[in-house]
Amino acid sequence: MKLFLSALSLSIGFAAAAGAQQSVLTVYTYDSFVAEWGPGPAVEAAFEETCGCDLQFVAAGDGAALLARIQLEGKRTDADIVLGLDSNLTARAAATGLLTPHNRHDEWDLPVRWDDPLFVPYDWGFFAFVYDETRTAEPPGSMEALARSDIRVVIQDPRSSTPGLGLLLWVKHAYGERAKSIWQELADNVVTVTPGWSEAYGMFLDGHAEMVLSYTTSPAYHMIAEGDRTKRAAAFAEGHYMQVEVAARLAASDQPELADMFLEFMAGDVFQGLIPTTNWMYPAKMPASGLPVEFGELVQPSKALLYSSDDAASVRDVALAEWLEALSQ
């Protein structure tokens, strides 16, 4: 009888433990977001305090690679949320039919109006070439000046990386029909093309190139985290192309309520307050803490360049063909 009761107690205990198992929310994102120094660890800890769930980030390469992955997995995906697409990819992502509308009606602190029914913004910034003023005393003041120089640069692949795609659209937006010739002139400046941002920035820091495609906000990291003011973003006369990073819920999610809770959390003060000093971008909604004073030292573009999501999708293939032809010669 005692053995029977013990077995019954164990059975009940296991059943209770199974019933109490936490719900899992799976978020696909890019590599740097989940890095030790990125926002992922702090976001995970803060959200789990409020949701009583297990938030699991899955790194899937760089931003543009996220779209390829959810397209490949289709309705079989394990993802509940995709976080790290941007405004240049939203039209293509929406066309997959794999995403579902959100119910957010927030007022955003963005330079552009935002009312997209599928995508919730979480940060924004401007692409720029970053340099070390101890190695490059006179940075170029335009894309044309860079092309005329012998400065070595590292850039990212537009087929896998949102910064890489941003550069493609930056050149196309600024130079139009001349974009192909600009790329032909820039080709000999390019040391290598990396799959993602992390690899490119690491090569720059290791001295393999004088400049790297990144953001106007990247020097803030060096100022705040390292006390280093030698890293700067070059200001280009033609203006700088803008990026808005977004998240969306997968229609196939088996945790729709939890996914909506995460999107609400993402728009809140805790998440947005982490963005400036972990993702090193401007927050989509200004947190109560404001921006670090070092952000006041950053380059402010003279002109903001941005295609609509539909226009970005329509010019991408032509711009990509021009880029591939120039770099293959």
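## Close-up views of a predicted model

**View 1. Helix H11 and the residue that follows.** Trp280, just after helix H11, takes a positive phi of about 55 degrees. The model shown here and in the views below is predicted. H11 spans residues 269-278, and its buried residues are Phe271, Gln272, Leu274, Ile275, Pro276 and Thr278. What do the buried residues of H11 pack against? Their partners are helices H2 (40-51) and H10 (256-266), together with strands S3 (81-86), S5 (120-132) and S11 (282-283). An α-helix has 3.6 residues a turn, so residues three or four places apart point the same way. In H11, the buried set includes Phe271, Leu274 and Thr278.

**View 2. The crossing of helices H10 and H11.** The axes of H10 and H11 cross at roughly 55 degrees and come within 6 Å. The helices are therefore oblique to each other, since 55 degrees falls outside the ranges for roughly parallel, roughly antiparallel and roughly perpendicular. By class, the residues in the contact of H10 with H11 are 5 nonpolar, 1 polar and no charged. H10 contributes Phe262, Phe265 and Met266, which meet Val270, Phe271 and Gln272 of H11. Of these, Phe271 and Gln272 are also listed among the buried residues of H11.

**View 3. The crossing of helices H6 and H12.** Helix H6 (residues 162-175) and helix H12 (residues 309-328) have axes that come within 9 Å and cross at roughly 90 degrees. H6 is thus roughly perpendicular to H12. How many nonpolar, polar and charged residues does the contact of H6 with H12 have? It has 9 nonpolar, no polar and 3 charged residues. On the H6 side, the contact is made by Leu165, Leu168, Leu169 and Lys172. On the H12 side, the residues met are Ala312, Val315, Arg316, Val318, Ala319, Leu320, Glu322 and Trp323.

**View 4. Strand S10 and the strands paired with S10.** S10 covers residues 240-250, and 11 of its 11 residues are buried. Strand S3 runs antiparallel to S10 and is joined to S10 by 5 bridges; within this pair, Leu83 is bridged to Ala247 of S10. S5 and S10 are also antiparallel, with 6 bridges, and Trp124 has Val244 of S10 as its bridge partner. Strand S4 (residues 99-100) pairs with S10 over 2 bridges in the antiparallel sense, with Thr100 bridged to Arg249. In which sense do S10 and strand S12 (residues 304-305) pair? The pairing is parallel, over 2 bridges, and Tyr241 has Leu305 of S12 as its bridge partner.

**View 5. Strand S8 between named partners.** All of S8 is buried, 5 of 5 residues, so S8 is largely enclosed by the rest of the structure. S5 and S8 run antiparallel and are joined by 5 bridges. One bridge in this pair sets Ala128 with Ser214 of S8. Strand S6 (residues 153-156) pairs with S8 in the parallel sense over 2 bridges, and Val153 stands opposite Met211 of S8. S5 also pairs with S10, in the antiparallel sense.

**View 6. Thr217 in the loop after strand S8.** Thr217 lies in the loop between S8 (211-215) and helix H9 (218-226). Is Thr217 buried or exposed? Its relative accessibility is 0%, so Thr217 counts as buried, the cut-off being under 20%. Beyond its neighbours within four places in sequence, Thr217 is in contact with Trp280, Met281, Tyr282, Phe295 and Leu298. Trp280 in this list is the residue that takes the positive phi just after H11.

**View 7. The disulfide of Cys51 and Cys53.** The structure holds 1 disulfide. The bond joins Cys51 to Cys53, with an S to S distance of 2.0 Å. What is the handedness of this disulfide? The torsion about the S-S bond is about -85 degrees, so the disulfide is left-handed. Cys51 and Cys53 are both buried.

Notes:
Residues numbered from 1 in each chain as written. Predicted model: local features only at pLDDT ≥ 70, side-chain atom pairs only at ≥ 80, totals over all residues. Heavy atoms only, no water. Helix = DSSP H or I, 4+ residues; strand = E, 2+ residues; numbered from the N terminus. Buried < 20%, exposed > 50% of the residue type's maximum accessible area, 1.4 Å probe, protein only. Contact = heavy atoms within 4.5 Å. Axes fitted to C-alpha atoms, helices over the stretch in contact; angles between N-to-C directions. Parallel < 35°, antiparallel > 145°, perpendicular 65-115°, else oblique. Nonpolar A, V, L, I, M, F, W, Y, C, P; charged D, E, K, R; others polar. Disulfide = S-S within 2.5 Å. Pairing = 2+ DSSP bridges.
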